[in-house]
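Trainee: I would like to go through the labels attached to this model and hear the reason for each one.

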Amino acid sequence: MDAVPYLAALSALAALGLAAFFYINVKAASPGNERMVFLMTEIQKGARAFLKQEYTWVAGFVVIMAILIGILIDPAGLAAVTYVLGAVLSATAGYIGMTVATMANARTTEAAKDGPGKALPLAFRGGAVMGFTVAGLALLGLSVVYIVFVDLAGSDDAFNLLTTFGLGASSIALFSRVGGGIYTKAADVGADLVGKVEAGIPEDDPRNPATIADNVGDNVGDVAGMGADLFESYGGSIIAPIALTAFTILAADPSATTDIVSDNAADLLLFPLAIAAVGMVASIIGSFTVRGGASTDSKALARQLHMGTNVAMAATVIGTLIIAGLVFSDDQYEKWWGLGVSVIGGLLVGWAIGKVAEIWTSDHFRPVKKIAKQTETGPATTILAGISGGMLSVGASVGLVVSGVLIAYQGGQWTLGDDGTFGGIYGIAVAAIGMLATTGVVVSVDAYGPIADNAGGIAEMAELDPSVREVTDALDSLGNTTAAVAKGFAVGSAALTSLALFKTFEVALQQADPGFVLSLDVGEVDVFVGLFLGAMLPFVFAALTIDAVGRAANQMIEEVRRQFREIPGLREGKEGVVPDSARCVAISTNASLKEMVLPGSLAVVVPLAIGFIDVDTLGGFLAGALVTGFALAIFMANAGGAWDNAKKYIEAGAHGGKGSDQHKAAVVGDTVGDPFKDTSGPSMNILLKVMTIVSLVFASAFV
C-alpha cells in the first residue's frame, strides 16, 4: 500500500501524456480554408482574452482567501500554499482545455466534409485533451500533496493541507462556471432572439454580430468552466474519504499525528487514491475505443461516443474488485467486497443519473417530443412542458441518489463492521469516487459538445456546403445530451461528496474542541433557522445568476439591433459588409466579469458569517442547502437540455421546421433554458461543495 500514492501520480502522468498525444493528433489535422482559419482565430482570441481577464479578477479573490487561511487556520503558511496550488492547477487545466477546443473546432468542420466517421473522433480527441488534463492535474496535485506532506514530511496538518487544496480548486470552479456561464448565455440569448426570431436568419449566420461571441462563450463556459467544475468535483471526491478517516481518528485521539498512516488506517487513507488510479487507467483504455461511423443518425453516433465511457466503466468495475480484494482481505475486515460494492454502486448510480438526463433531454424520448408538440400552441405551453419535464426528472434522480447512498452505506458497514456510522459514511464517500472514477473520459465526451457546436457555427459562417452543416448538426445534437449526462455525474457526486464532507466537518469540530457536539435537531430554533436559510440560498443564487444572464443579454440584444439598424447592408447580407463582432465579445466579457462577483462570493461569505455566529445554525444551513440545491440543479439542467433539443428536433423538420411559428416558440423555450442548463444549474453543485469545504477548512476557527 505504501506505493499507492506514487502509482496514482504515475497514472496521472500517463493521463497527461495521453492529453499531449491527442493534442498533437488534433493539431496535425487541417483547419480548412482561409475563412475557417480566420473564424477559428477570432474565437481563440476572444476566449483567451476573457480567460485572462477572468483569472486576473479571480486571482484577487484567491489572494484574499490565502491570507485569511494563513491568519485563521495555518500561520505557517503551508495551507495557503496548497490552496493556491489547487487554484493554479484548476485554472491551468481550464486554459489548456479551452486552447485545444478552439483549435479543434475548425478542424472538426473540415473533417465533417468527409462525414461523421472522421469528424466525431477528431472532436472527441479535442475534448479528450481537456478530459485527461483535468483528471491528470487533479490526481497529480493531490498525490504530490499527499506524498510531500504525509509520506515525506509527516506534517501534523497534512490532512488540513489536502482540504485547502480542494478549496483552491473549488474557488476557481465556482467563478469559472458562473462567469463563463453568464458570458456564453448572454451571447447565445442575444444571437437567438434577434437573429432567429426578429431577423429570421439562420443560427450562426455571418451577418449576426453576436455569433462570434456565442462561439467564444461555448469555450469559456462549456469547456473552461466545465473543466474547472469537474476538476473540483473529482478532487473533492478523493479528498472526502481521506479527510473523513484522518479527522475521525484525530478527533478520537488528539495526540495522534500522521503516524496514523502506519497503522490500520493506512488502508482507508490510500484506498481512494488506488481507486482513482484504477479509474484513470480505465479511462485511458476507454478513450481509444471511440470510433466514428458513416451514419449521421444520432443513435449510431451516440453508440460510438458512449463506447469509451462504457469500456472505462467496465474496466473500473473489474479493477475496483481487484483492489478491494487486495486491500481489505485481511482478517481485520469482515467482508472485503463491501467497499467494492460501495464504489461500484456509485459508478452505476452516476451512469443511471446520466441515463435519466438522456431520457429527459434526448429527442428520441417522450419528454422532448412532448415539448416540441406543445410548440404548436405557442411559447407559454412550450415553457410549461419544459418546466414539468425538468421537475419530473428530479424524482427519478433523487430516487437513484437515495438508492446509491443506502447501497454505499451498507457496503461500508459490511467491510468495516463498526458499531457507529463511520463505516457507512466512508462507503458513501468512496461511492463518490466511483461516480467520478472515469472523469477523464466523461469530461472528454462532455467537452466534445462545444467543439461540435463551434464546428457547426464555423460551417455556417464560412458558408460551406449544407451537407457539412448536416453532419455538424448531428454531432451538436448529440453534444447537448452528452453535456446533460456529464452534469448528472457532477451533481450526483456533489450530493455524495457533500454528505461525506459534512460528516468530516462534524468530526473536525470535535477535533478542534473535544467537548463540542454539533446539533442537527430541527426542534432547536438555531438549527431550524439554519435549515431555512440553507433551503433559501440555492434559490437566491439561481435568481442572481439568471438575472445576470438577463441583464447581459439585454445589452447584447440592443447592440445587435443597433448594428442591424445602423450598418447599411448588414441585414441584407450585402457583399463586403461585416458586423462588429468585437463589440459583442466585449459586452459579454465585461458583463460576465462584473456579474459573477456577487453570486460567487455568497458561497464563501455566507457560511463563514453563519459559522462565526453559531455553528449549529451552520449545520442546519448546510443540510438545507444540500437538499434544495441538488433538486434545483437536476431540474434546471434537464429542463434546459430538453428545451434545447426540442428546438433542434423542430429544426430537423418536425412540427413545421425552421422558420415556422412552432420554431419561434421553441427558440423562446430554448432561450429560457439557456441559463438553466449552462449557468445556474451547473453552478449549483459547485455552490454546495464550496460551502461545505469552506465550513470544513474553517471549522477550527469557528470553535
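Trainee: Which residues are linked in a network of salt bridges?

Mentor: K185, D188, D644, K647, K648, D670, D674, K677 and D678 are linked in that network. Before the labels, two notes on the basis: this is a predicted model, in which local features need pLDDT of at least 70, side-chain atom pairs count only at pLDDT 80 or more, and totals for chains, interfaces and linings use all residues. Residues are numbered from 1 along each chain as its sequence is written, and side-chain values use heavy atoms, with hydrogens and water left out.

Trainee: What makes D114 and K118 a salt bridge?

Mentor: The term requires a side-chain nitrogen of Lys or Arg within 4 Å of a carboxyl oxygen of Asp or Glu. In D114 and K118 the closest N and O atoms are 3.4 Å apart, so the pair qualifies under the 4 Å limit. By this rule the count comes to 25 salt bridges.

Trainee: Why is D114 called exposed, and why is K118 called partly exposed?

Mentor: Buried means under 20% relative accessible area, exposed over 50%, and partly exposed in between, with a 1.4 Å probe and protein chains only. D114 has 55%, so it is exposed. K118 has 47% and is therefore partly exposed.

Trainee: How do you know that E376 and K373 form a salt bridge, and which label does each residue get?

Mentor: Their closest N and O atoms are 3.4 Å apart, so the distance rule is met. E376, at 41% relative accessibility, counts as partly exposed. K373, at 46%, is partly exposed.

Trainee: Where do R561 and E558 lie?

Mentor: Both lie in helix α15 (residues 525–566), three residues apart, about one turn of the helix. A helix here is a DSSP run of H or I with at least four residues, numbered from the N terminus. The closest N and O atoms of R561 and E558 are 3.3 Å apart, and the two form a salt bridge. R561 counts as partly exposed at 32%, and E558 counts as partly exposed at 40%.

Trainee: Back to the network: why is D678 called buried?

Mentor: Its relative accessible area is 4%, so D678 is buried. D678 is found in helix α19 (residues 661–697). The C-alpha atoms of D678 and I182 are separated by 8.3 Å, while the two residues are 496 residues apart along the chain.

Trainee: What is notable about the phi of E463?

Mentor: Phi of E463 is near 55°, a positive value in a residue other than glycine. E463 is found in the loop between α13 (439–461) and α14 (466–512). With a relative accessible area of 65%, E463 is exposed.

Trainee: What is the phi of H655, and where is H655?

Mentor: H655 has a positive phi of about 50° although it is not a glycine. The residue sits in the loop between α18 (615–651) and α19. At 23% relative accessibility, H655 counts as partly exposed.

Trainee: Which residues in α1 and α3 meet?

Mentor: Y23, V26 and K27 in α1 meet V100, M103, A104 and R107 in α3. Contact means heavy atoms within 4.5 Å.

How values were computed:
Helix = DSSP H or I, 4+ residues; strand = E, 2+ residues; numbered from the N terminus.
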